[in-house]
Amino acid sequence: MNKTDRLLAILLELQRRGVIRAEDLAAKFETSTRTIYRDVQALSEAGVPIIGAPGLGYSLMEGYFLPPVSFTAGEAVALMIGSDFVEHKFDSDYGAKAQSAREKIEAILPESVSQETNRVRTTIRLLTTRETHNSGREKECLEALRRAILDKRKVRFHYSKNTPGADGNRHSVRDVAPYGLVFAQGSWILVAYCDLRQELRHFRLSRMSDLTLLEDSFTFPTDFNLQDHKPADDRHVLVRVQVNSDIADKVKGAGGFFMTQMEDHEEGLLVTFHVRQPEDLLHWVLGWGADVVVLEPESLRDRVREEAEKMLKRY
């Protein structure tokens, strides 16, 4: 990195982090602290109001902002693709902001960079799933939940689980304190404290309905950090299936959240799953028909057999 690029990078770090030590800047840019001292002096002489506090580090004078910076073609493409993703996967409010941001970026790009950016973008395409009633409802929930999280307000919704609970019911009404939103496996998931279960739970937005903002407020736990949050792994049931060699590649390509191991054998592909209950894989197994055979547990083999008999009676 040459001196000019480093000076700009130092200025960006100061604006982004607020206060930073010379030692940390030296480590980030792989140079000496003496060089950082000279760089800071050069910035100060150029009119950048840098404040140095002994023992704390450097910071920018309050109210100072870096003028608009230029983008390389690669940086512009990254921002464009990011805005495309936000527009398609976030709610309408952020979607509109993403579109506006993309238009502003396109407007300030120099002609040469704009042409190169357009050329690169023609080689990259972001495919999204077709809009359905559920996806539209999911975006509505996303916007409401996002606001509830920022306002620290509880919400109430009807929730439909994939499999029946211990009482045999798949439907329930939940009052929760929403802590954060996670986009995983192509779906939005709410991380929230559930009043009914008295613990932290995860809810798919696609399974919510009748979402209502409550008057009750909540306080975020001091020990909760969404970026560090890892849900407890309660998938303790082992399932093993044998996959016909003819569809082995399709199964590998399809993947799956519950898959933990795949082994190629002469007789086919041996796939291992870890699930909460055997029924979690029932529809997956049935979807592949006779090309997939459950080896264990026996309870899942029985369920597949029961479903096959019901199907036979219907035909």
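This passage describes three paired strands and two buried residues in a predicted model. In this model, local features need pLDDT of at least 70 and side-chain atom pairs count only at pLDDT 80 or more, whereas totals for chains, interfaces and linings use all residues. Residues are numbered from 1 along each chain as its sequence is written, and side-chain values use heavy atoms, with hydrogens and water left out.

Strands are DSSP runs of E with at least two residues, numbered from the N terminus, and two strands pair if DSSP finds at least two bridges between them. Strand β1 (residues 19-20) pairs with strand β3 (residues 57-60) in the antiparallel sense over 2 bridges. Valine 19 has serine 59 in β3 as its bridge partner. Strand β2 (residues 50-53) also runs antiparallel to β3, joined by 4 bridges, and glycine 52 stands opposite tyrosine 58 in β3. The hairpin of β2 and β3 has 3 residues between the strands, and in this hairpin glycine 55 takes a positive phi near 85°.

Isoleucine 50 lies in strand β2 and is buried (under 20% relative accessible area, 1.4 Å probe, protein chains only), with a relative accessibility of 16%. Leaving out residues up to four places away in sequence, isoleucine 50 is in contact (heavy atoms within 4.5 Å) with Leu14, Val40, Leu43, Ser44, Tyr58, Ser59 and Leu60.

Threonine 272 belongs to strand β11 (residues 268-275). Threonine 272 is buried as well, at a relative accessible area of 7%. Beyond its neighbours within four places in sequence, threonine 272 contacts Leu238, Val239, Arg240, Phe258, Met259, Thr260 and Gln261.

Methods. Buried means under 20% relative accessible area, exposed over 50%, partly exposed in between (1.4 Å probe, protein chains only).
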